[in-house]
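Reader: I'd like to learn how to read a fold from its coordinates. Could you walk me through this one?

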Amino acid sequence: LRDGAGDWLLIAKGSTASEGFSNIAPRNGLSAQYPIVVTTYDTNDPTNPSKMRQGLVTLGTNPTDSLLDIGDPNAANRTVFENIVFDKPATGGQAVFALGTVQKDLMFYNVRFFRTSVAFQGDYTGNAVPTRMSNVVFRRCVFAFAYAPGSAHAQGLFLWTTDGITIEDSIFYHNGWQGTDRNAATTDAGTHPDIFKHAAYFGTLTNNTIFRRNVSAHNSSHGLQLRGGGVASDNVFANNPIAVAVGGGDHYDLYQPNGVPYTFVNNVVVASENIDVSNPRGFGVQFFNTQAGGNASGNIVANVGQNSTGNLFAVSAASQFNQPTRVNWVGNIQWAWGNATLASYTQDTGYDPIPAQTLVTRSANIIDSENAGGNNVTAPAAAFPNPQRSVATFATAQGYASEDEFWSYVIQHPEMMWAKQIGDYIRAGFGR
């Protein structure tokens, strides 16, 4: 590959290689329109452009190296990676890692990250004004089964000190733990679910993040932490102990004293689970230090299920650092999710909510409780068509033998726009 030329690197589809792209040399695409493209070709017709960019290649059975290391800020700018399966557990760190101050114009398209923890972060060394990595897109990607042997921290996707990252039409499944039993005894912290491991963990210093049309299910703790705010729209969150946290994190009194901006619209949150028996959960959507003018509408939070035994709150709000939290929870549906009142969620010592700083408007929501509270909260005029719908009933309706079989198919076929399919199915149960 030549630096600044927009060359293509073609790998035989169907092939498997033990190595990944460790320590990529400083080579970059020509422009956003003419990037380096890492993709596949057909060995039976290698010079035919119409046979390129199809099929998959699997990289990374070697457990000693990072599968993709673009820590050099002068490497892999203006690059597209597509049709690649990165598959290995992260040993003592991230298996896919990008660090830099100018990393930009990157796209991951139809890339499957199996057992692989992915991290993207800009330059932050305690400075009040960090330099953020920008313009990275993940589209039709899969983040599944990420774990780090021997480590208590493994995320499907971790972002820190970024500006303008887009994640769309992707799948986040079963990240942060292994197996099928959340309470199984293990000596390896990396295989057990806990409060530190999430599907998508976007830290305090993440600006202008877009998270849309994704499915996030059965993860260790959160289905999404959107600490820096941004847009979360048209997603499905299923069977996560905590579906979503918007805002919240370190030192908002310094970085965001007026709160983080947010748009949280048209999402479906369905069912929940405990992290494990010692960490009961059942939280739908949390807001921390969000700013005035945000929009949280058109969402459905429904059917918490039987696998959560904690304080079952569909929506909660709390303030940290004596900074205000403002939430507009308007025109949503809360159904069969335990306590319908607004929760004040108490965190660790030193991060307790400050009720005087929590300012929430709730109106025009449909809540299945005579004691729903809030302003202008209404009950449905007529019964919904089928409000008991869930991912499990969707899987049955589609002819899958079990929900597990359905998820196995989903993570192999991210191109099928699952957030729309599942979301439309559940919305139809509520006449939406």
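Reader: Which residues in helix 3 (residues 403-410) are buried?

Author: Some ground rules come before the answer. This is a predicted model, where local features need pLDDT of at least 70, side-chain atom pairs count only at pLDDT 80 or more, and totals for chains, interfaces and linings use all residues. Residues are numbered from 1 along each chain as its sequence is written, and side-chain values use heavy atoms, with hydrogens and water left out. Helices (H or I, at least four residues) and strands (E, at least two) are DSSP runs, numbered from the N terminus. Buried means under 20% relative accessible area, exposed over 50%, and partly exposed in between, using a 1.4 Å probe and protein chains only. In helix 3, F406, W407 and V410 are buried. Down the helix axis they fall within an arc of 95°, so they line one face of helix 3. That arc is taken from the directions from the helix axis to the C-beta atoms.

Reader: What do the buried residues of helix 3 pack against?

Author: Contact means heavy atoms within 4.5 Å. The partners are strand 16 (171-173), strand 20 (215-217), helix 2 (391-397) and helix 4.

Reader: How are the strands of the open sheet ordered?

Author: Strands of a sheet pair through backbone hydrogen bonds, either parallel or antiparallel. Two strands count as paired if DSSP finds at least two bridges between them. Here twelve strands form an open sheet with parallel pairing, in the order 2-4-7-10-13-16-20-23-26-29-32-34. At its edges, strand 2 (16-17) and strand 34 (366-367) each pair on one side only. For a close-up, take strand 7 (residues 84-87) and strand 10 (residues 112-114), a parallel pair joined over three bridges. V85 has R112 in strand 10 as its bridge partner.

Reader: Which strands does helix 4 lie across?

Author: Helix 4 lies across strands 16, 20, 23 (236-238), 26 (268-270) and 29 (300-302), and runs at about 70° to strand 26. For such angles, axes are lines fitted to C-alpha atoms, for helices over the stretch in contact, and angles run from 0 to 180 degrees between N-to-C directions.

Reader: Is Y425 buried or exposed?

Author: Y425, in helix 4 (residues 418-429), is buried because its relative accessible area is 16%. Not counting residues up to four places away in sequence, Y425 touches R389, S390, T393, F394 and A397. Y425 and S390 are 35 residues apart in sequence, yet 8.7 Å apart in space, C-alpha to C-alpha.

Reader: How many helices and strands does the protein have?

Author: The protein has four helices and 34 strands, and 53% of its 432 residues count as buried.
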